[in-house]
Amino acid sequence: MKAVLFPSFGDADVLQLGDAPVPELRPSDLLVRVHAAGVNRADLTHRKGGYGRADFGDSALMGLEIAGEVIAVGAEAQGYRVGDRVMGVVGGGAYAEIARIDWRMAMPIPAGLDYVHAAAIPEVFVTAHEALLHLGRLTRGGAVLVHAGASGVGSAAIQLARATGATVFATADAAKHDRVVQFGADHVIDYRNEDFAAVIAEKTGKRGVDAVIDFIGAPYFAKNIASLAHGGRLVQVGLLGGGGEVGIRLEDILYRHLQIIGTVMKSRTQAEKHAMTQRFREHWLIRFDTDAGLLPIVDSTFPLSRAADAHRRMESSANVGKIILTIGGED
C-alpha cells in the first residue's frame, strides 16, 4: 500500500510517498481503507523527532485520525461490518491507504457527511468534549474562554460550548475574527493587540469565566488564572507557546477554589481513550446529522502525495479549522 514515509527527522521536505506493508488485522481491530486523514500538530512533532521512532500502538507510520470504509473485521470487534463507513482516532498509521483501528475507537460516519468532513471530527471534537465538558464541567449559563479559537480543537470547543448554552469568549488573530464568530463565539479577542484578561474582567463585571481551555501554555498562564471565576477550571490542552515553570500564589488556588487540569490524549491508556470516544459519541454524534447541528470545519485538503504541503500549511498558522489529506486518485 502507499503511505507517507520519512527516512530522517526534519522539515516538511523529509516526507515522501512510498510503499509500506498492509497492517495485520488483530482480533479487536477494524481494517479500514482510508479515504481521508486529519493533519494534527502531533504529526509535526513526530516528523521532527519529538517522539522518536515510536510505535503508537497501531502503527509506526504517521497520522492519528482517519475516515474510510471497513474492509475487514477482527474476531472480537463488535458492531461493524465490511462496507461500513467509519471515522476515529488511531495510534499512528493514518497517512496510508489502509489503517487499522481498535473498534472501540471507531465511530460511524453520520449519513450527511463525506469522508473529508468526517476526518475533521474525531481528534478535535473528542478532545474538545473532554476538555470542555468532562474536565472543565461547563454547563448551561456558564462562561468559557477558548484560546486559539480558529484552530481545529478551538473551533470544535466553541461549537460545543455554544450548543451547551454557555457564553463563549475566544482569542484569535484579528483576520480570523469573522470566522470565529460564525463558529459561535460571543466575544472574540485579538490576542496580538488586546489583553484578554482585561477584556474578560470588563465583559463579566470582574466575575471571570468558569473554564479556560488553553493550548498556548506558559505565556498565558498568569492571565488565564486572572480570568477565572471563583471555582474556575483551567484545562491545559497544549503548549504551543512553550512549557517550563510558571508561578502562582497558592492563596489564589486555595481561597478562589481554582483547579488546574492537564489533558493529552496521546499519553492516555487505551481504556481511557475508549471512554473518551464513548463520552463524545453518546453526547454529540447525532448532532452532526441535523441541519442545525455541529459542523466540522475544513480549512483545506491535500492529496497524500502532498503531505509536505499540508504540514507547511499547518506550520504557517494560516489555517482556520482542519487540514485534511485525501487518499485515492493520483495517490
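**Close-up views of a predicted model**

**View 1. The salt bridge between Arg104 and Asp102.** In this predicted model, Arg104 and Asp102 form a salt bridge in which the closest N and O atoms are 2.9 Å apart. Arg104 is partly exposed, at 35% relative accessibility. Asp102, in contrast, is buried, with a relative accessible area of 8%. The pair is one of 18 salt bridges counted in the model.

**View 2. The salt bridge between Glu315 and Arg47.** The side chains of Glu315 and Arg47 meet with an N to O distance of 2.6 Å. Glu315 belongs to helix α10 (residues 307–316) and Arg47 to helix α1 (residues 41–48), so the salt bridge ties together parts that are 268 residues apart in sequence. Which of the two counts as buried? Arg47 does, at 1% relative accessibility. Glu315 is partly exposed, with a relative accessible area of 34%.

**View 3. Helix α3 and the salt bridge between Arg268 and Glu130.** Helix α3 spans residues 122–135 and is mostly covered, with 13 of its 14 residues buried. Arg268 forms a salt bridge with Glu130, and the closest N and O atoms of this pair are 3.6 Å apart. Glu130 lies in helix α3, whereas Arg268 is found in the loop between β13 (259–262) and α9 (270–284). The two residues are 138 residues apart, and the pair links distant parts of the chain. Arg268 and Glu130 are both buried. Just after α3, Arg137 has a positive phi of about 50 degrees.

**View 4. A network of salt bridges around Arg306.** Four residues are linked in this network: Asp13, Arg306, Asp309 and Arg312.

**View 5. Surroundings of Thr164.** Thr164 lies in helix α4, which covers residues 152–164. Is this residue buried or exposed? Thr164 has a relative accessible area of 13% and is therefore buried, the limit being under 20%. With neighbours within four places in sequence left aside, Thr164 is in contact with Leu133, Leu138, Thr139, Arg140 and Trp284. Of these contacts, Leu133 falls within the residue range of helix α3.

**View 6. The interface of domain 1 and domain 2.** The domain assignment of the chain gives domain 1 as 2–120 + 296–326 and domain 2 as 125–262. The contact involves 11 residues from domain 1 and 11 residues from domain 2. The C-alpha centres of the two domains lie 29 Å apart. Domain 1 and domain 2 bury about 750 Å² between them, and 66% of this area is on carbon and sulfur atoms. Ile297, Val320 and Gly321 supply 54% of the area that domain 1 buries against domain 2, more than any other three residues. How many salt bridges are there between domain 1 and domain 2? The count is 0. Polar contacts do occur across the interface of domain 1 and domain 2, in 3 residue pairs with both members at pLDDT 80 or more. On the side of domain 1 that touches domain 2, the residues divide by class into 6 nonpolar, 3 polar and 2 charged.

**View 7. Asn319 in the loop between α10 and β15.** Asn319 is placed in the loop between α10 and β15 (322–326). At 9% relative accessibility, Asn319 is buried. A polar atom of the Asn319 side chain lies 2.9 Å from the backbone oxygen of Gly321. Gly321 is also one of the three residues that together supply 54% of the area buried by domain 1 against domain 2. Not counting neighbours within four places in sequence, the contacts of Asn319 are Ala150, Lys176, Asp299, Arg313 and Met314.

**View 8. Ser317 in the loop between α10 and β15.** Ser317 also has its place in the loop between α10 and β15. Unlike the buried Asn319, Ser317 counts as partly exposed, at 40% relative accessibility. Which residues does Ser317 touch, not counting those up to four places away in sequence? They are Arg41 and Lys176. The side chains of Ser317 and Arg41 are joined by a polar contact of 3.4 Å. Lys176 is in contact with Asn319 as well. From C-alpha to C-alpha, Ser317 and Asp173 are 10.0 Å apart in space, while 144 residues separate the two in sequence.

Methods:
Residues are numbered from 1 along each chain as its sequence is written. This is a predicted model: local features need pLDDT of at least 70, side-chain atom pairs count only at pLDDT 80 or more; totals for chains, interfaces and linings use all residues. Side-chain values use heavy atoms; hydrogens and water are left out. Buried means under 20% relative accessible area, exposed over 50%, partly exposed in between (1.4 Å probe, protein chains only). Helices (H or I, at least four residues) and strands (E, at least two) are DSSP runs, numbered from the N terminus. Domain bounds come from an automatic or database domain assignment. Contact means heavy atoms within 4.5 Å. Buried area is the accessible area (1.4 Å probe) that two parts lose on being put together, summed over both. A polar contact is a pair of N or O atoms within 3.5 Å; within protein, one must be able to donate a hydrogen and the other to accept it, and residues adjacent in sequence count only if both atoms are side-chain atoms. Ala, Val, Leu, Ile, Met, Phe, Trp, Tyr, Cys and Pro count as nonpolar, Asp, Glu, Lys and Arg as charged, and the others, Gly among them, as polar.
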